[in-house]
Amino acid sequence: MVYWTYEVFADLIALLASDGLRLAAIENFAVKQWSDILLDGPQRDQQMAAMKQMIRDGGRAGVPCFGYNFSIAGVWGWVRGPFARGGAMSVGFDGSKIERTSRFRTEWCGTCAYRENRGGTVPPVSDQELWSRLNRFLTELLPVAEEAGVALRCPSGRSPMDALRGTARLVNKPGKI
């Protein structure tokens, strides 16, 4: 598994600075880097250890913030259609057109254990289970981020639904957290 290292972060920050820019945040982790953290899979502990090191390296290089979207169903399940002014193609939300199961591991992770055992889909995950996984993630990662001087940011919910593709949504209403 490839994670960004201190050298990669430092090079990125230097490259931006050479053009008078400043890095504000790294938005979300690559799915392959934390799929088993989200899914409570067999590589969870190894991925968590690597995630902690990546946060330490980012902090040492000057990355101020990492954003994360703790979602199994994807960012929010957008659909393409003529939603923009004048009927121009854009993206929108239509809950009735979203697949009912999540193909998270098959599509994004390739060679994961669930693919063989679950036919490429992720079993339903309850609200309580997803909150439990988030709590465990933050309990382990927040102290590392604080020590590294890195902020962690969870974006607002992008779906007004309580569940999407058979899995609970954590942040889908104002004031839910």
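1. Asp40 is found in the loop between α2 and α3, and in this predicted model the residue has a positive phi of about 55 degrees although it is not a glycine. The position of Asp40 is just after α2. With a relative accessible area of 37%, Asp40 is partly exposed, since the value falls between the limits of 20% for buried and 50% for exposed.

2. A second residue deserves a similar remark, namely Asn28, which lies in the loop between β1 and α2. Asn28 is not a glycine either, and yet its phi is positive, at about 70 degrees. The relative accessibility of Asn28 is 25%, so this residue counts as partly exposed.

3. Between these two loops comes helix α2, which covers residues 31-39. Is this helix largely enclosed by the rest of the structure, or largely open? Seven of its nine residues are buried, and therefore α2 is largely enclosed by the rest of the structure. The buried residues are Gln33, Trp34, Ser35, Asp36, Ile37, Leu38 and Leu39.

4. Charged side chains should be considered next, and the general principle is that side chains of opposite charge can pair when their charged atoms come close. A search of the whole structure finds nine salt bridges. In one of them Arg44 pairs with Asp45, with 3.5 Å between the closest N and O atoms. Arg44 has a relative accessibility of 4% and so counts as buried.

5. Asp45 also forms a salt bridge with Arg136, where the closest N and O atoms are 3.4 Å apart. Because Arg136 lies in helix α6 (residues 127-148) and Asp45 in helix α3 (residues 44-61), this pair ties together parts that are 91 residues apart in sequence. Arg136 counts as partly exposed, at 36% relative accessibility.

6. Another salt bridge is formed by the side chains of Glu140 and Lys52, at 3.7 Å from N to O. Here too the partners belong to helices α6 and α3, with Glu140 in the former and Lys52 in the latter, so the pair ties together parts that are 88 residues apart in sequence. Glu140 is partly exposed, with a relative accessible area of 24%, and Lys52 is partly exposed as well, at 22%. Through salt bridges that share partners, Asp40, Arg44, Asp45, Lys52, Arg136 and Glu140 are joined into one network.

7. Which strands form the open sheet, and in what order? Three strands take part, in the order β1-β2-β5, and their pairing is parallel. The strands β1 (26-27) and β5 (151-153) stand at the edges with a single partner strand each, so one side of each is left without a neighbour in the sheet. Strand β2, residues 65-67, is joined to β5 by three bridges, and Phe66 stands opposite Leu152 in β5.

8. For the chain as a whole, the secondary structure comes to six helices and seven strands, which follow one another from the N terminus as α-β-α-α-β-β-β-α-α-α-β-β-β. Of its 177 residues, 41% count as buried, and the accessible surface comes to about 9,800 Å², with 53% of it belonging to carbon and sulfur atoms. When contacts between residues at least 6 apart in sequence are considered, 65% of them join residues at least 24 apart.

Methods
Residues are numbered from 1 along each chain as its sequence is written. This is a predicted model: local features need pLDDT of at least 70, side-chain atom pairs count only at pLDDT 80 or more; totals for chains, interfaces and linings use all residues. Side-chain values use heavy atoms; hydrogens and water are left out. Two strands pair if DSSP finds at least two bridges between them. Helices (H or I, at least four residues) and strands (E, at least two) are DSSP runs, numbered from the N terminus. Buried means under 20% relative accessible area, exposed over 50%, partly exposed in between (1.4 Å probe, protein chains only). Contact means heavy atoms within 4.5 Å. Accessible areas come from the Shrake-Rupley method with a 1.4 Å probe; for residues, only the protein chains shown count as cover. A salt bridge is a side-chain nitrogen of Lys or Arg within 4 Å of a carboxyl oxygen of Asp or Glu.
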